[in-house]
Amino acid sequence: MTATNEETPLKIGQAASKLGLKSYVLRYWETEFSMLKPIRTESGQRLYGAEQMRMLEEIRSLLYEEGLTIEGARKRLESGEERDTLAEVRNELREIAKLLE
């Protein structure tokens, strides 16, 4: 049995591509969102695991879909509001949308 992408950490370019973003955006977000901490290899390369990918997806949604500012997205994430039921519903709707494409 092979590991799925959910289990295998993604390099920054792979993570950015999966999210439809540029690598520099992820590097910038790391400076703005303290909860975003990718794994670093000995050579300093960033690796994003499943939890970090979920966080990136949440940040992207807050910024691009809901139109929040960086500060607004940070406050929402820090307050924990977004992680509850709404986040689960949003993720389920995204999965449904992918199936319908």
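This report covers the fold, core, sheet, surface and salt bridges of a predicted model.

## Overall fold

The protein has 101 residues, and 35% of them count as buried. It contains five helices and three strands. Read from the N terminus, the order of elements is β-α-α-β-β-α-α-α.

Sequence-distant contacts make up a good part of the picture. Take the contacts between residues at least 6 apart in sequence: 50% of these join residues at least 24 apart. The exposed area of the protein is about 6800 Å². Carbon and sulfur atoms supply 53% of that area.

## The nonpolar core

The largest nonpolar core holds 21 residues. Leu26, Trp29, Phe33, Leu56 and Ile59 have the most contacts inside it. Four helices each give two or more residues to this core: H1 (12-19), H2 (23-32), H3 (50-65) and H4 (70-79). Helix H3 gives the most, with six residues.

Phe33 is one of the residues with the most contacts in the core. Setting aside neighbours within four places in sequence, Phe33 touches Ile59, Ile70, Ala73, Arg74 and Leu77.

## The sheet

The three strands form an open sheet in the order E1-E3-E2. The pairing is antiparallel. Strand E1 (10-11) and strand E2 (39-40) are at the edges. Each has a single partner strand, so one side of each lacks a neighbour in the sheet.

E1 and strand E3 (residues 46-48) run antiparallel and are joined by two bridges. Lys11 stands opposite Leu47 in E3. In general, strands of a sheet pair through backbone hydrogen bonds, either parallel or antiparallel.

## Salt bridges

The count of salt bridges comes to nine. Three of them are described here, beginning with the pair Arg40 and Glu30, whose side chains meet at 3.9 Å, N to O. Arg40 lies in strand E2 and Glu30 in helix H2, so this pair ties together parts 10 residues apart in sequence. The two partners differ in burial. Arg40 is partly exposed, at 46% relative accessibility. Glu30 counts as buried because its value is 16%, under the 20% limit.

Arg54 and Glu51 form a salt bridge as well, with the closest N and O atoms 3.1 Å apart. Arg54 and Glu51 are three residues apart in helix H3, so about one helical turn separates them. Both are partly exposed: Arg54 has a relative accessible area of 39%, and Glu51 has 44%.

The third pair is Arg94 and Glu65, whose side chains meet at 3.4 Å, N to O. This pair links distant parts of the chain, with Arg94 in helix H5 and Glu65 in helix H3, 29 residues apart. Arg94 is buried, with a relative accessible area of 18%. Glu65 counts as exposed, because its relative accessibility is 51% and the limit is over 50%. Elsewhere, salt bridges that share partners join Glu30, Arg40 and Arg46 into one network.

## Helix H5 and its surface

Helix H5 spans residues 85-100 and includes Ile96. Ile96 is partly exposed, with a relative accessible area of 45%. Ile96 belongs to a nonpolar patch on the surface, together with Val89, Leu93 and Leu100. The patch has about 410 Å² of accessible area in all.

Arg90 is also found in helix H5. Arg90 is buried, with a relative accessible area of 16%. Between Arg90 and Ser61 the separation is 29 residues in sequence. In space, their C-alpha atoms are 9.2 Å apart.

Definitions and conventions. Residues numbered from 1 in each chain as written. Predicted model: local features only at pLDDT ≥ 70, side-chain atom pairs only at ≥ 80, totals over all residues. Heavy atoms only, no water. Core = buried A, V, L, I, M, F, W, Y, C linked by side-chain atoms within 4.5 Å. Buried < 20%, exposed > 50% of the residue type's maximum accessible area, 1.4 Å probe, protein only. Contact = heavy atoms within 4.5 Å. Pairing = 2+ DSSP bridges. Patch = residues over 30% accessible without salt bridge, like charges linked within 9 Å, V, L, I, M, F, W, Y side chains within 5 Å. Areas by Shrake-Rupley, 256 points an atom, 1.4 Å probe, with all protein chains shown as cover. Salt bridge = Lys/Arg side-chain N within 4 Å of Asp/Glu carboxyl O.
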